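Q: I'd like to take a close look at one part of this model, a pair of neighbouring strands, and then see what else is worth knowing around it. Could you walk me through it?
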Amino acid sequence: MAQQAYMTDTDNGDSDPERRESRIRRLFGRAVGGWRGDRRIWRRGLVTAAVALLLGAIMAAHAYIPNAIGNLGSLTETFLPWFGVLLPVLLVIALARKSATALIALVVPVAVWLNLFGGLFSDKTGAGGDLTVATHNVNADNADPAGTARAVAAAGADVLALEELKASAVPTYEKALEAKYSHHAVVGTVGLWSKYPVSDVKAVDIEMGWKRAMRATVATPSGPVAVYVAHLPSVRVKLEAGFTARQRDKSAAALGAAIEHEKLPRKILLGDLNGTMNDRALTAITSQMRSPQGAVGGGFGFSWPAAFPMARIDQILVSGVEPTTSWTLPATGSDHLPIAARVKVDTTDS
């Protein structure tokens, strides 16, 4: 008797797969039922469809948006990944409007966005590597330089670059880092700390009028590497002038020329470039170096602003070495997040 009651309860329960499937089918039927026989699904949502197609065209043709007016092209490229935020918004509008036209049009920007950025979400992290590098814009107004230095050093980088060093704070950074780094050099507002010997240190003229870039040779166990540290000029978005980046663009060209004439085959650039890898204004640099984040990192690796990162303007770029992994470090007292990467300097067996 008890067994019969148990079996009856089980047969009538919600755990029956057929009943659950039937319930899901009914819910789906209610959701799309209003679409059946409605000829207006092709006429509704034309504005939403047009916006979707325009969004897809902008993303696909971003390289052709001119910089002549307010550096609009560079501004678009800086925040290009965020165009994806509009896609679910358009999807909700298309569904609410019951517009088949808008839904079909939405396929275009989705496909373009995935083509541009979909690969960033696959696991490309590799094993190995014989040199870990890190860079951090520490912020001249940092209230805790010693804590920031210790936090970044905890990442275990063999070579560490710091930008926006305030002259009065340099001794604090030197003291906080001396236990882990036997060698260091500071040029103007940028500095390089290394576990390996550093030589041939010199300033790099990026046409700013003061020193915000340097070059040094780091004698790693796998061979010498030319390490550049740079902090390119800041950019601003102004209503009356647009994306003001002329000085940044000029400095990027100068830095690119210096790297191009580097005699050592192995080169690493660390710093705050105030621009993303998508920004055409950095082509003088990005055309001859690649980003470990794009090659072996996961996700966008946004670094600024630290409170809510929206763009990766801090960069690690390499040439002549093989990147194996890239990551973003936890926040410090700065308005930027530190970033790090591991590379293989000895590529003879690659």
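How many bridges join β3 to strand β4 (residues 190-194), and do the two run parallel or antiparallel?

A: Happy to. β3 and β4 are joined by 5 bridges and run antiparallel. Strands here are DSSP runs of E with at least two residues, helices are runs of H or I with at least four, and both are numbered from the N terminus. Two strands pair if DSSP finds at least two bridges between them. Across this pairing, His-184 stands opposite Trp-193 in β4.

A word on the basis: this is a predicted model, where local features need pLDDT of at least 70 and side-chain atom pairs count only at pLDDT 80 or more, while totals for chains, interfaces and linings use all residues. Residues are numbered from 1 along each chain as its sequence is written, and side-chain values use heavy atoms, leaving out hydrogens and water.

Now zoom out to the sheet. It is open and mixed, with 6 strands in the order β3-β4-β2-β1-β13-β12. At its edges sit β3 (183-187) and β12 (322-328), each paired on one side only. Ignoring direction, neighbouring strands are turned by 15 degrees against each other on average; the axes behind that angle are lines fitted to C-alpha atoms.

Next, the nonpolar packing. The largest nonpolar core (buried Ala, Val, Leu, Ile, Met, Phe, Trp, Tyr and Cys joined through side-chain atoms within 4.5 Å) has 24 residues, and among those touching the most other members are Leu-131 and Leu-192. Buried means under 20% relative accessible area, exposed over 50%, and partly exposed in between, with a 1.4 Å probe and protein chains only. Leaving aside residues up to four places away in sequence, Leu-131 touches several residues, including Val-159, Tyr-196, Ile-268 and Val-343; contact means heavy atoms within 4.5 Å. A second, separate core of 18 residues includes Ala-49, Leu-87, Val-112 and Phe-117.

Phe-117 also belongs to an aromatic cluster with Trp-82, Trp-113, Phe-121, Phe-300, Phe-302 and Phe-308. The structure holds 8 aromatic pairs. One of them, Trp-82 with Phe-308, is tilted, at 6.1 Å centre to centre and 35 degrees between the planes. Rings of Phe, Tyr and Trp (its six-membered ring) pair if their centres lie within 6.5 Å; planes under 30 degrees apart count as stacked, over 60 as edge-to-face and the rest as tilted. Trp-82 lies in the loop between α4 (72-78) and α5 (86-97) and Phe-308 in the loop between α11 (292-296) and β11 (314-319), so this pair ties together parts 226 residues apart in sequence. Trp-82 is partly exposed at 26% relative accessibility, and Phe-308 is exposed at 52%.

Technical notes
Axes fitted to C-alpha atoms, helices over the stretch in contact; angles between N-to-C directions.
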